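Reader: I am new to this structure. Please choose one part and take me through it closely, one piece at a time.

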Amino acid sequence: MARSLPLWLRLQLSALRPAGPKAKAAVEAGQGEDRADAPLLWIWAAGKCAEAAGLVARRVAARMPDIRIAMTVRGAEDPPDGLPEEVYFRPTPEDRPASVRLVLDAWRPDLVLIMDDLLPAALIAETQKRGIASVLADAKLGGQDGLRLDDVSLTLLGRIDRIYLRDEASLERVGDRLNGPVIVVNDGALGEPPQPLYGSEAERASMAESMGARPVWLAAAVPEAEIGPVTAAHRYAQRHAHRLLLLLAPDDESQGEALAAQLTAEGWSVARRSLEGEPELTTEIFIADDAMEYGLWYRLAALSYMGGTLSGTAQAPRSPVEAAALGSAILHGPKLVPFREDYLRLEAAKACRGVVVPEDLPEVVADLIAPERSAQLAHNAWAVTSGGAGAVETIARDLAEILSGTQPARVA
C-alpha cells in the first residue's frame with residue numbers, strides 16, 4: 001500500500017488527542033437502538049452533500065428493508081429532509097484516531113460511504129486497518145472545485161475500496177496515479193431529475209401552429225443591458241435563417257410594453273404575449289412577457305440564451321437546468337452566478353455553449369440555430385440533468401450488493 005510521509009505525520013499528531021465530545025455524543029445517541037444484528041451503513045457526508053446523501057440513503061433503505069444507516073453530516077446539525085426511519089442522524093465525530101475508533105467500536109459498521117470533498121484521513125485509515133469496506137461517492141478529482149490530487153489525497157484515495165466519479169475528466173486527471181480502487185464514472189452529480197416547468201400542451205400546439213415551421217430561439221430573463229446584443233445576434237442569425245423568430249423574455253416582465261415600443265421604433269416587427277397572444281408569420285420578435293410561461297417558451301425554442309450571463313445584471317436569472325429538462329439547447333455568457341455549478345456540469349458534458357463577449361453572440365447563435373447543432377447540445381444537457389438519478393440508483397444497488405455479500409467492494 002502506498003505511504004505518504006505528510007499523511008503519516010498528520011495521523012501521528014492527531015493520535016495524540018483523545019476522543020472528542022462529538023464522538024462521545026455520537027456513541028451516546030446510538031445506545032439502545034434495536035435491530036443491532038442488522039447490517040449497518042455509515043454515511044459520512046459534508047453539509048453541501050447532505051441532500052445527495054439523503055437520496056442514496058433512501059434508495060439503499062428501499063432495497064434493503066433490514067438495513068440500518070447511521071448518517072453524520074459535517075457542518076450540519078439538522079438532517080436532510082425525507083430520511084426514512086431506517087436512517088439515524090448522529091453528530092459527526094472528530095476526524096482523529098481516538099474519536100474514529102470510539103465510534104467504530106460502538107457502531108461496528110459493515111460499510112462506510114464518504115461523500116465529502118475533504119477526505120477524512122483518520123476514518124479512511126482506521127477502516128482500512130479493520131478491513132471495513134469504504135466507498136467514496138459523488139467525487140470530483142482535480143480541476144476547478146475538485147479534490148486536490150496531492151500526495152496525501154492520492155494516498156487516501158488508494159486506501160478506499162470503490163470510488164464513484166462525477167465525470168470522465170476526473171478519471172483523466174487521476175490517470176494511472178491511482179491503482180487498486182474500483183472506479184466508476186457517473187453521468188454528473190447525484191440528484192433527482194428536475195421537475196420540468198409546466199407548459200400547457202394546448203397552448204404549445206396552438207403557438208407552434210401559428211409559427212409554422214419557423215426556427216425559434218429564446219432569450220430568457222434578458223436585462224436592459226443585453227437587449228442590444230440579443231437583437232444584434234438575432235439580426236445576424238436571420239441572414240442564415242431568414243424566417244427566424246426570437247422569443248424575447250425581459251428580466252422585468254412589466255417592461256414588456258416599453259420594450260415592444262422600443263423595438264418597433266428600431267424597425268422590428270414585434271408582438272407581445274400579453275397583447276396579441278401569439279406571433280404572426282411576419283413577427284420577428286415576440287415579447288414573452290409572462291414569467292409564468294417559461295415552460296411553454298422552452299418547449300418551443302430549439303435554443304435558449306440565458307439572460308444576464310453576459311452582463312451579470314439580471315434581477316431574476318433563470319436556471320439552465322430548466323431549459324435542459326425541456327430539450328432546449330443552452331447558450332450563456334461568462335457571468336454564471338448564481339447557477340455556476342450547474343453551468344460547470346453542463347460544460348463538462350459538452351451540453352452548452354458559452355461566449356465571452358457580446359460580440360461573439362451573433363456567430364454562435366447563427367451556428368447553433370442549425371437543428372443538428374442544437375439537438376446535440378440539448379441531448380447532452382438532458383443526459384446531465386437526468387443522469388444524476390441514474391447515478392443514485394447505481395450507487396444504491398452496488399452498496400446493497402456489497403452489504404449483502406453478492407458483490408465485492410474491491411476487485412482483487
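Author: Two axes count as roughly parallel at angles under 35 degrees, roughly antiparallel over 145, roughly perpendicular from 65 to 115, and oblique otherwise. Axes are lines fitted to C-alpha atoms, for helices over the stretch in contact, and the angles run from 0 to 180 degrees between N-to-C directions. Those terms serve for a close look at helix α4.

This is a predicted model, where local features need pLDDT of at least 70, side-chain atom pairs count only at pLDDT 80 or more, and totals for chains, interfaces and linings use all residues. Residues are numbered from 1 along each chain as its sequence is written, and side-chain values use heavy atoms, with hydrogens and water left out.

Start with the whole. The protein chain has 15 helices and 14 strands (DSSP runs numbered from the N terminus: helices are H or I with at least four residues, strands E with at least two). Its C-alpha atoms fill a box of roughly 75 × 40 × 35 Å along the principal axes. Of its 412 residues, 55% count as buried (under 20% relative accessible area; exposed is over 50%, partly exposed in between, with a 1.4 Å probe and protein chains only). Contacts (heavy atoms within 4.5 Å) often span the sequence: among those between residues at least 6 apart, 71% join residues at least 24 apart.

Now to α4 itself. Helix α4 covers residues 97-107. Its buried residues are Pro97, Ala98, Ser99, Val100, Val103, Leu104 and Trp107. They pack against helices α1, α2 and α5 and strands β1, β2 and β3. Just past the helix, Arg108 takes a positive phi of about 50°.

Take α2 next. This helix spans residues 21-29, and its axis comes within 9 Å of that of α4. The two axes cross at roughly 5°. The helices are therefore roughly parallel to each other. From α2, the contact uses Ala23, Lys24, Ala26 and Val27. From α4, Ser99, Leu102, Val103, Ala106 and Trp107 take part. By class, seven of these residues are nonpolar, one is polar and one is charged. (Ala, Val, Leu, Ile, Met, Phe, Trp, Tyr, Cys and Pro count as nonpolar, Asp, Glu, Lys and Arg as charged, and the others, Gly among them, as polar.)

The other two helix partners of α4 also meet each other. Helix α1 (residues 5-14) packs on helix α5 (residues 121-130) at about 95°, with the axes 10 Å apart. That angle makes α1 roughly perpendicular to α5. Leu7, Arg10 and Leu11 of α1 meet Ala121, Ala122 and Ala125 of α5. This contact has five nonpolar residues, no polar ones and one charged.

What about the strands? They belong to an open sheet of seven, with parallel pairing in the order β3-β2-β1-β4-β5-β6-β7. (Two strands pair if DSSP finds at least two bridges between them.) The edge strands are β3 (87-90) and β7 (182-185), each paired on one side only. From one strand to the next, the twist averages 20°. One pair is β5 (residues 133-139) with β6 (residues 162-165), parallel over three bridges. There, Ala139 has Leu165 of β6 as its bridge partner. Helix α3 (residues 50-63) packs on the sheet too. It touches β1 (40-46), β2 (68-74), β3, β4 (111-115) and β5. The direction of α3 makes about 180° with that of β2.

Back to α4, then: its buried residues pack against both helices and strands, with α1, α2 and α5 among the helices and β1, β2 and β3 among the strands.
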